[in-house]
Amino acid sequence: MSQNSAPQAPAGASVATSLAGAGLRSRRRRKATDRLMTFLVYGAFAVTLIPLLSLVFEVVRRGIARLDGEFFNSSMVGIVGKGGGVYHAIFGTLIITGLTVVISVPIGLLTAIYLVEYGTGRLKKAITFLVDVMTGIPSIVAGLFAYALFAIFFGPGIRLGIIGSVALSVLMIPVVVRSAEEVLKLVPTELREASYALGVPKWRTIVKVILPTAIAGLGTGVTLAIARIIGETAPLLVTVGITNATNLDPVNGRMATLPVFAYYQLTQPGVPPEFAIDRAWTAALVLIMLVMGLNLVARLISRFFAPKTGR
Amino acid sequence: MTTQHSQAARDVDRRPGLSPAPVRRLGDRLFAGTSRSAGVLILAILAGVAAFLVVQALPALTAPRSEVPGGHGVAAYVGPLLFGTVLAALLALLIATPLAVGVALFITQYAPRRLAQGLGYLVDLLAAIPSIVYGFWGIAWLAPRLTPLYGWLADHLGFLPFFSGPASVTGKTMFTVGIVLGVMILPIVSALTREVFLQVPSLHREAALALGATRWEMIRLAVLPYGRSGIIGGAMLGLGRALGETLAVAIVLSASPGLVSFNLVSSNNPSTIASNIALQFPDSTGIGVNTLIASGLALFVLTFVVNVLARGIVNRRAEFSGGS
């Protein structure tokens, strides 16, 4: 029996030999090993939940104190100690993230279209591989790249909102390409062929048939990509800096952003420190809510706007 | 029957006539060109990252050694940072990989199927949390809880170079950083591992079970060998992420740049490249900035190599399983 099934599954052969001389004692030991491993696997999962739960709990506990109207309605101009808020930082984050989306989505989407619909041969292989590698670029390196690029034209020490957007784009583009590529591949070939058969040119097929079919997946992918970059701190730290006042102009001077605000409030709280540290935790809480909210939106998009497959 | 025949014949007749000169409209050429150049732009960006870092790092490399921060040239400045970076990342990998494999096994082999997806989503949430929040958590929640452990380790295992003490009283140690980074890369490693475990042919699993293997024996004989390259590839991707992690390390670690030490529990720790840049860059000028960019270049090269190796392993595995 065991010899019959051995050639089919290579794993089977070694089980068979290990079972060959199985007495009662060794069976007991095997059962014990199995129970131990089950315990360890369940334990690994339980241990993994500790950081998640304690992190969320801690951030909510410490951040809830300053989650008030003033926090969202005031900037840090003239604030020493009590009060103050993230009005300026929230707008900075929204503007810089918006610009990043404007830069990244067209490039990422077009690249995905190239890879799925047009690409052949070496160029396609090279782009696919390097997009994968690009997802692993450390965020601080992306920040240094953007700084180095702009420092050549504007001189050293330059800090602008737009530099932050360029840095974040380096991080966002590969994420958009990967997710869009996966989604475009899912569009049934029959749809393309039906369109071609009707004499529709390829580019109109892509714009009118393929993209509308994939729109839910594309929306999900872009939303998740935004969630991935909206909490990035390091690239903004070296390219945008921080300011106390509200600056809504990304091509003129430093801007405040939520993550960098949280960082400086925690690490350079001033005297007395407790007010700034409270602000830092509330900013962290707002960041987590933003990211979780975007993740939720992404799931809702894919659930409610998915094409009806009839299956 | 006859109509089908003649239809097929006509198709064959027509095909050679169509393929040599396909109709290429202006819109088609424009669209193809634009999307192609977007792809090429990505290659250009990647090359640009390397090129601009080199350009801005050159002044530090050519400057007199005494002008570089630390006073002994770029190599002496970056070397210890590189050591700290690799040490922290390896520590993170050591902590994350077994846990990640355990989590992947739990979700794919142990958990009830209806729960599995939701539990997987829960682990993925760990990846969504911004790195700065991990820094907050590491310093406010984790570090104080670990200080008793560090005291115990220094007292009882102090003969090992890793725990030689004196133990930190704040918990801002390399060990804490390793744990924080480990938690951060765990979802990356486990996501890839999970994917590969799901691809294990059920025939292998069922054959092992049918031969009387216990669940663990089935995993050891069928699942783990099949998923090995996935585990390795995932671990390498996690390593790449841990090497470049910035803010969490900058907040948690009490660093003395320039130090090279294996001591994991004291308050004097080697710094890492990324966190050092985040801490020094805002207040640096002149050659100092160029030196930091040179260290960033070293980090870029290191993570690039690690990621290329990781992707190579993952992709080879994907081709292999696609063929079978």
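In this predicted model, B:Asn276 sits in helix α10 of chain B, which covers residues 273–280. Is B:Asn276 buried or exposed? A total of 29 C-beta neighbours lie inside 10 Å of B:Asn276, so this residue counts as buried, the cut-off being 20 or more. Leaving aside residues up to four places away in sequence, B:Asn276 touches B:Leu81, B:Pro257, B:Ser271 and B:Ser295. Take B:Pro257 from that set: B:Pro257 and B:Asn276 are 19 residues apart along the sequence, yet their C-alpha atoms are 7.7 Å apart in space.

Stepping back to chain B as a whole, there are 11 helices and zero strands, so to speak a run of α after α from start to finish. Half of the chain is tucked away, with 50% of its 324 residues buried. The radius of gyration of chain B is 27 Å, whereas a compact globule of 324 residues would come out near 20 Å. Along the principal axes, the C-alpha atoms of chain B fill a box of roughly 90 × 60 × 25 Å. Contacts across the sequence are plentiful here: of the contacts in chain B with a separation of 6 or more, 79% link residues 24 or more positions apart.

One helix of chain B shows a clear bend. Helix α6 of chain B (residues 174–198) has 25 residues and reaches 35 Å from its first C-alpha to its last, close to the 36 Å expected at 1.5 Å a residue. Still, α6(B) bends by about 40° at B:Ile185, with the proline B:Pro187 following within four residues. This helix is also mostly covered, as 22 of its 25 residues are buried.

Chain A has a bent helix too. How far apart are the end C-alpha atoms of helix α5 of chain A? They are 45 Å apart, and this agrees with the 46 Å that 32 residues (87–118) should span at 1.5 Å a residue. A kink of about 25° lies at A:Ser104 in α5(A), shortly before the proline A:Pro106.

Elsewhere in chain A, α12(A) is mostly covered, with nine of its 10 residues buried. Among them are A:Phe261, A:Tyr263, A:Tyr264 and A:Gln265. The cover over these buried residues comes from both chains: it includes α5, α11 and α13 of chain A, together with α5 and α9 of chain B. The loop between α12 (258–267) and α13 (273–304) of chain A holds A:Pro272. A cis peptide bond joins A:Val271 to A:Pro272, with omega at about -10°.

Now for the place where the two chains meet. The contact takes 80 residues from chain B and 82 residues from chain A. On the chain B side, helix α2 (residues 26–62) gives the largest share, 19 residues. That side of chain B divides into 56 nonpolar, 17 polar and seven charged residues.

Nonpolar residues also gather in the interior. The largest nonpolar core has 203 residues, and those with the most contacts inside it are A:Phe145, A:Ala284 and B:Val133. Helix α3 of chain B (residues 73–110) provides the largest share of this core, 18 residues. What does B:Val133 touch, not counting residues up to four places away in sequence? The partners are A:Leu55, A:Val59, A:Ala284, A:Leu287 and A:Ile288.

Definitions and conventions: Residues numbered from 1 in each chain as written. Chains lettered and ligands numbered in written order. Predicted model: local features only at pLDDT ≥ 70, side-chain atom pairs only at ≥ 80, totals over all residues. Helix = DSSP H or I, 4+ residues; strand = E, 2+ residues; numbered from the N terminus. Expected span 1.5 Å × (residues − 1). Bend = angle between axes of the 7 residues up to and from the residue. Rg over C-alpha atoms; globule rule 2.2 N^0.38 Å. Buried ≥ 20, exposed ≤ 12 C-beta atoms within 10 Å, placed from the backbone. Contact = placed C-beta atoms within 7 Å. Nonpolar A, V, L, I, M, F, W, Y, C, P; charged D, E, K, R; others polar. Core = buried A, V, L, I, M, F, W, Y, C linked by C-beta atoms within 7 Å.
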